Amino acid sequence: MALDQSFVGRTYPPTDPYEVGREKIREFAASIGDANPAYTDPEAAKALGHPDVIAPPTFVFAISFKAAHRVIHDPELGLDYSRVVHGDQKFAYRRPVRAGDRLTVTTTIDAVKSLAGNDILDIRGDVHDEMGELVVTAWTKLVARAAEEG
């Protein structure tokens, strides 16, 4: 059954703040194999004009996707998550994520489409710092595969 188009534009409340730690950034950089010293060495980050270490660009996926769970598990939407695959991901940064940031994510359903029996859900996560400034917007595309016949 196709997802309800009336959900387009629905916004979910901000998440609780997530405090970005140096160690989390270091672990993430190591897990993706990125040895950029700006991710692990405060002095290297300061030499580049940052107040502390910065996070790799995809770091924010962890908190934006966690926030998207409010959409995914919204019983009114009726998304069958057992049929979902990750279709796409993109980010638009205003500034890098830094150690010490306290970030919240407000999630909005940008689009609901149906294509060849598959439901396509575009979710936007606006990530703000504790001053309310937009840091990054993360877009996630999820595809709920059509149920098999029979």
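Colleague: How far apart are the mean positions of the positive and negative charges of the protein chain?

Modeller: Keep in mind that this is a predicted model. The protein chain carries 17 positive and 23 negative charges. Take the mean position of each set, and the two are separated by 2 Å.

Colleague: And what order do the elements of the protein chain run in, from the N terminus on?

Modeller: There are three helices and six strands to place. Reading from the N terminus, the run is β-β-α-α-α-β-β-β-β.

Colleague: What share of the contacts with a separation of 6 or more comes from residues 24 or more positions apart?

Modeller: For scale, the C-alpha trace spans about 60 × 30 × 20 Å along its principal axes. Contacts here means heavy atoms within 4.5 Å. Among those with a separation of 6 or more, residues 24 or more positions apart account for 69%.

Colleague: What part of the accessible surface belongs to carbon and sulfur atoms?

Modeller: Start with burial: of the 150 residues, 42% count as buried. The accessible surface of the chain adds up to about 8300 Å². Carbon and sulfur atoms own 52% of that surface.

Colleague: Which element gives the most to the lining of the largest pocket?

Modeller: That pocket holds about 330 Å³ of space. Its lining has 15 residues, and Tyr18, Ala62, Ile63, Lys66 and Ala67 are the closest to the centre. Two or more lining residues come from each of α1 (22-31), α3 (61-72) and β4 (102-115). With five residues, the top contributor is α3.

Colleague: Now Pro37: does the model class this residue as buried, exposed or partly exposed, and which is the class?

Modeller: Pro37 sits in the loop between α1 and α2 (42-47). Its C-alpha is 9.6 Å from that of Arg26, 11 residues away along the chain. Buried would need under 20% relative accessible area and exposed over 50%. Pro37 has 44% relative accessibility, so the class is partly exposed.

Colleague: Which residue has a positive phi although it is not a glycine?

Modeller: Look in the loop between β4 and β5 (118-128). The residue there has a phi of about 55°. The name you want is Ala116.

Colleague: Is Ala116 buried or exposed?

Modeller: The cut-off for exposed is over 50% relative accessible area. Ala116 comes in at 73%, so Ala116 counts as exposed.

Definitions and conventions:
Residues are numbered from 1 along each chain as its sequence is written. This is a predicted model: local features need pLDDT of at least 70, side-chain atom pairs count only at pLDDT 80 or more; totals for chains, interfaces and linings use all residues. Side-chain values use heavy atoms; hydrogens and water are left out. Helices (H or I, at least four residues) and strands (E, at least two) are DSSP runs, numbered from the N terminus. Buried means under 20% relative accessible area, exposed over 50%, partly exposed in between (1.4 Å probe, protein chains only). Accessible areas come from the Shrake-Rupley method with a 1.4 Å probe; for residues, only the protein chains shown count as cover. Lys and Arg count as positive and Asp and Glu as negative; His and the chain ends are not counted. The place of a charge is taken as NZ of Lys, CZ of Arg, CG of Asp or CD of Glu. On a 1 Å grid over the protein atoms alone, a cavity is a set of points where a 1.4 Å probe fits but cannot get out, and a pocket is an open set with protein on both sides within 12 Å along at least five of seven lines; lining residues have an atom within 4 Å of a point. Grid points are joined across faces, edges and corners, and a volume is the space filled by probe spheres set on the points.
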